[in-house]
Amino acid sequence: MVNIDTIYQRVLALANKEQRGYITPQEFNLFANQAQMDIFEQYFYDIKQFNRIPGDSGEYSDIVHNLNEKIAIFERRDGLWTGGIISSLSGDDIYRLGTMVYNGREIEEVQQNEILYINQSPLTKPSLARPVYVRRGENQVAIFPNATSDVALYNTGVSFTFLTTPAVARWGYVVVNEKAMYDPTSTSDFELHGSEQGELTNRILALAGITLKQQGLTQIAAQMEQARVQQEKQ
Amino acid sequence: MGLLDNTTQQAYYQGNDFGNYQFVSLQDIINQFIVAYVGEDKIIPKARRTDVAFHAQRALAELSFDTFKSCKAQEITVPASLKMTLPQDYVNYTKISWVDSAGIKHLLYPTSKTSNPKIIPFSTNENYSYEVVAELTSGSPNIQITGSELWIEHGTKVSGPIIDNFSSNCIITGSSIVGNDTIFIIQDGGGATFIPTATASDQLTFSSTDGSIYTEYLNGAQVTNTGPWTVGDNVIPVASTSDLNGIEVGMFVNEGPLNWTPDTRVVAINGTDILVDKTAIVSNPTSTATVKFISKPEKVDESSITWSNYKSSTPSENQDDYQDDTYWPMDGSRFGLDPQHAQANGSFYIDCHSGKIHFSSNISGKTVILDYISDSLGTDGEMQVHKFAEEAMYKWIAHAILAGRANVPEYQVNRFKKERFAAIRTAKLRLSNLKIEELTQILRGKSKQIKH
């Protein structure tokens, strides 16, 4: 969790509001959520990249482990499957589908073009001991074998893990004497890992630089980000 | 951590799954393989469970053929038909033997000098067609084949010089045996009955509706006093058991395609009820109807003349005058004796077409044991691997996945090929069950001069 007021104050300080202009709370909230989603999405590409290099058995220094830790904040296990529709018991958004499980066994994902042949081959034909599923739409999943009696079992026996989207971050405020004053009661902090403070600041600054038509600000933010990435990935 | 931690001794000895600790289920093999071999920083970065399961089943099948021990066996008493149906999960036999009163097996040997070929009609005109000469009577729909008791399947297509003038699409819709003659009637595709306008002989050619060459049937039955039944019934009642004369389970109702669903087969005879596997198309309110049945050997159990002759002859194993201790009639003249026939146990051959084992006639009534191998994929319960071969399974799967994947360095594939070979060899050696004391006992006979 990253305190949004901390980030806002840093951004304002770095943007040097007297010389470069003022970043309004509305603009900040827009930039904040874009930066949060960019960072979140980047995790998956970073994992792919860091898997190419040897890992590290250090307790806190293995990059892939650290990335997984950051992603784990958004992992949920309360997925439900009902008649082909997947949903979350707690109402969370399903950003990425993880592992589907039936009766303690993984339901493996296959592609629509494969299921025809998988079903026709005796050795690969799905069974209750080895079920498979196909994505049919945003929240629709067909599980095989799909006899009526099997589907009745899935309705009560299938669960799945998934990643939910980070909650919308908002710097809450009330207007007093035409000035926006911080209001903690209407504020939502960033859900990202605490180590992302610097990254969030840099990304928001870069976006703000575009709005303020301050190319220098964007360049400085980009350089800071580049330096951070270089340090991480060398 | 221990593998037995979830099963107490008491639960084991009071259960019925004895000796199962020596096996690992295929499901466990697949799960353990995915855990140990698949993932980041492992030899196989990614593999779908479906692929692993496929290769695991292939490994199980291949190892079942030549590495695992064969435990499957069936025992039957050979009936008068001298045939035995192959088991449901049969892949090949390891040994076929008959058992004497002491429970000792006597090995039967395969014979290659006979077979059970498919019967193909061959006319006197050297055509592959079934042809008969029939008598047509002016004004009568009954067409007669004199002096020939033929059981003709209804629905059979008929053509001939005279009949073709009536319609080129004629089928037989009714027939009966009267004395030694066969009488039948013909209809065209529209249901009109053929009635000859002149008395004459016609050379008729029969052909099956499915395009195959018509086969002559020599056995059938005409059951009188049958009925009543309604549409959808699968029981043909008869007035008394005496009306069941000639009918056998396996015969087909020869009333199609108009009255009964074609290929309706008798599945049982229960008192005065004939139970069939398909249903009536037309109702019969009376109890005096005649229903014809026909025996179609090629749909049940092909019996060729070759097999009939082999079955009815005295096999070479039995050609003995029992006057002395020798089995062969040409005692002292055994030069050129073929060793494959120099045995008295008996012979068999497997008819792949019908899926049955055919025995020589000296095996009739004897208890026969079929030891065979399967691919171990028949049921979930038998999908298990002996622990001696567990490592061979992992290596087999790993090699199969790597070998079938693009951009895998060839040295990695070769490494796993060698490891698989070594693991299979180790498993085979272990499963050969060689024990030093048992070998010693066998070798103690090496100093004897005469051995068999």
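Ten residues of chain B wrap around the largest cavity in this predicted model: B:Leu150, B:Trp151, B:Ile152, B:Ser175, B:Ser176, B:Ile177, B:Thr182, B:Gln222, B:Asn254 and B:Lys292. The space they line comes to about 40 Å³. Where does the largest share of that lining come from? Strand β10 of chain B, residues 170-178, supplies three residues. In domain terms, at least three lining residues come from domain 3 (130-207) of chain B, and at least three also come from domain 4 (219-299). By character, the lining splits into four nonpolar residues, five polar ones and one charged one.

A search of the whole structure turns up two cavities of 30 Å³ or more. The second largest holds about 30 Å³, and its lining takes in residues of chain A as well as chain B. On the chain A side sit A:Glu108, A:Thr124, A:Pro126, A:Arg130, A:Pro131 and A:Val132. Chain B adds B:Arg49 and B:Thr50. Here the lining divides into three nonpolar, two polar and three charged residues.

Here are the two cavities side by side.

| Cavity | Volume | Nonpolar lining | Polar lining | Charged lining |
|---|---|---|---|---|
| Largest | about 40 Å³ | four residues | five residues | one residue |
| Second largest | about 30 Å³ | three residues | two residues | three residues |

Now for chain B as a whole. How many helices and strands does chain B have? The count is nine helices and 22 strands. The radius of gyration of chain B is 31 Å, well over the 22 Å that the globule rule gives for 452 residues, so chain B is more spread out than a compact globule. Along its principal axes, the C-alpha trace of chain B spans about 90 × 70 × 50 Å. As for burial, 39% of the 452 residues in chain B are buried.

Then there are the cysteines. How many disulfides does a search of the whole structure find? Zero, over all chains. Two cysteines of chain B sit in quite unlike surroundings. B:Cys71 has a relative accessible area of 68%, so B:Cys71 counts as exposed, the cut-off being over 50%. B:Cys170 has a relative accessible area of 1%, so B:Cys170 counts as buried, the cut-off being under 20%.

Methods
Residues are numbered from 1 along each chain as its sequence is written. Chains are lettered from A and ligands numbered from 1 in the order in which they are written. This is a predicted model: local features need pLDDT of at least 70, side-chain atom pairs count only at pLDDT 80 or more; totals for chains, interfaces and linings use all residues. Side-chain values use heavy atoms; hydrogens and water are left out. A disulfide is a pair of cysteine sulfur atoms within 2.5 Å. Buried means under 20% relative accessible area, exposed over 50%, partly exposed in between (1.4 Å probe, protein chains only). On a 1 Å grid over the protein atoms alone, a cavity is a set of points where a 1.4 Å probe fits but cannot get out, and a pocket is an open set with protein on both sides within 12 Å along at least five of seven lines; lining residues have an atom within 4 Å of a point. Grid points are joined across faces, edges and corners, and a volume is the space filled by probe spheres set on the points. Helices (H or I, at least four residues) and strands (E, at least two) are DSSP runs, numbered from the N terminus. Ala, Val, Leu, Ile, Met, Phe, Trp, Tyr, Cys and Pro count as nonpolar, Asp, Glu, Lys and Arg as charged, and the others, Gly among them, as polar. Domain bounds come from an automatic or database domain assignment. The radius of gyration is taken over C-alpha atoms; the globule rule is 2.2 Å times the number of residues to the power 0.38.
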